[in-house]
Amino acid sequence: MKYKNKIMTAKDFIKLKKSGKIKLDRSFQVGTDTESRWGQNEMKRFLASVMLGSAPSAIILVDVRKALDYNIAVGIDNDSIEYFEQCLKDGYEYVSVDGNNRSITFQKFADGNTTIKNGEYEDERGLTITAKKGSNKYDTLNKFLRKRFDNTEITVCVYTEIREDQLNILFRNVNDGIKLNPQQLRQSHPGHFAEYIRDKRDKYEDALRKFFSNKDYITLISDEFLCLFIIISFSLGTPNFSRTFFW
């Protein structure tokens, strides 16, 4: 695996995020393209860290075109070639491996759906400006602080030489210091059953959300329920009961 670090401004990264050019592969992500595990407090703290220059962790992406060219040149992994070719056909330029919570927070702030933590921040001139209720949204933020946010540099780690099966390994290694729950670990391994569960989660989202909190849904506790439901029903010899709901 090979990568290069790329520096982007927050404004340019948000533009890329909104363009829909970043693929969120469900097999190694927690949450969706618009919902993360973070609540408002976590998002506010992260935005404050960005403004204070203390949020250096890189967002990890894969350059689809370069990864495809690499796999074609090596010529031994047809699954990887097909995966990245399909990404291109679907209009994606990148695949997201890590940083979904941060990406969503950037977009929510730009869209006015979250606020920066109240406090004092320095603008690009080194002057201290206070952000407080009523002036802590992107559109209501002091223009000098908004400029500071727009121009904040984000490190994006872009992988250029990587196989499809290494994406899941990379995801688990990156999150090794952040405890993932059992379902998050299980679903990161490629397999038809994992994809099947994700499809059923999408199909029965409305019903699942009536029984699970938003946090449990996003962190895949509802997926684990689906797995257990199917396994138990088959172990009890009642496959027809499962087919009623899942086929």
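This is a short conversation about how to read some features of a predicted model.

Visitor: What should I know before I start?

Guide: The model is predicted, so local features need pLDDT of at least 70 and side-chain atom pairs count only at pLDDT 80 or more, while totals for chains, interfaces and linings use all residues. Residues are numbered from 1 along each chain as its sequence is written, and side-chain values use heavy atoms, with hydrogens and water left out.

Visitor: How many helices and strands are in the protein chain?

Guide: Helices (H or I, at least four residues) and strands (E, at least two) are DSSP runs, numbered from the N terminus. The protein chain has 13 helices and 7 strands. Taking contacts (heavy atoms within 4.5 Å) between residues at least 6 apart in sequence, 73% join residues at least 24 apart.

Visitor: And what share of the 247 residues is buried?

Guide: Buried is under 20% relative accessible area, exposed is over 50%, and partly exposed is in between (1.4 Å probe, protein chains only). Here buried residues account for 43% of the 247.

Visitor: Let's try a helix. What span should helix α9 have?

Guide: The expected span is 1.5 Å times one less than the number of residues. Helix α9 covers residues 192–203, and its 12 residues should span 16 Å; the end C-alpha atoms are 16 Å apart, which agrees.

Visitor: Which residues of α9 are buried?

Guide: An α-helix has 3.6 residues a turn, so residues three or four places apart point the same way. In α9 the buried ones are A194, I197, R198, K200 and R201. They take up an arc of only 165° around the axis (judged by the directions from the helix axis to the C-beta atoms), which puts them on the same side of α9. H192 and K203, on the other side of α9, are exposed.

Visitor: How does α5 look, covered or not?

Guide: Mostly covered, with 9 of its 11 residues buried. Among them are N100, R102, I104, F106 and F109. After α5 comes G112, with a positive phi near 85°.

Visitor: How many aromatic pairs are there?

Guide: A pair of aromatic rings is described by the distance of the centres and the angle of the planes. Rings of Phe, Tyr and Trp (its six-membered ring) pair if their centres lie within 6.5 Å; planes under 30 degrees apart are stacked, over 60 edge-to-face, and the rest tilted. That rule gives 9 aromatic pairs. Take F109 and Y138: their ring centres are 5.8 Å apart and their planes at 85°, so the pair is edge-to-face. F109 is in helix α5 (residues 100–110) and Y138 in the loop between β6 (128–131) and α6 (143–150), so this pair ties together parts 29 residues apart in sequence. F109 is buried at 1% relative accessibility, and Y138 is buried at 15%.

Visitor: Which other ring does Y138 form an aromatic pair with?

Guide: F149, again edge-to-face, at 6.0 Å centre to centre and 70° between the planes. F149 lies in helix α6, so that pair ties together parts 11 residues apart in sequence. Ring pairs link F13, F46, F106, F109, Y138 and F149 into a cluster.

Visitor: Where does R146 lie?

Guide: A charge sits over a ring if NZ of Lys or CZ of Arg is within 6 Å of the ring centre and within 35 degrees of the ring normal. R146 lies over the face of Y138, 5.8 Å from the ring centre, and R125 over the face of F144, at 3.6 Å.

Visitor: Last one: how many disulfides does the structure hold?

Guide: A disulfide is a covalent bond between the sulfur atoms of two cysteines. With the cut-off for the sulfur pair set at within 2.5 Å, the structure holds 0 disulfides. C157 is buried at 7% relative accessible area, and C227 counts as buried at 11%.
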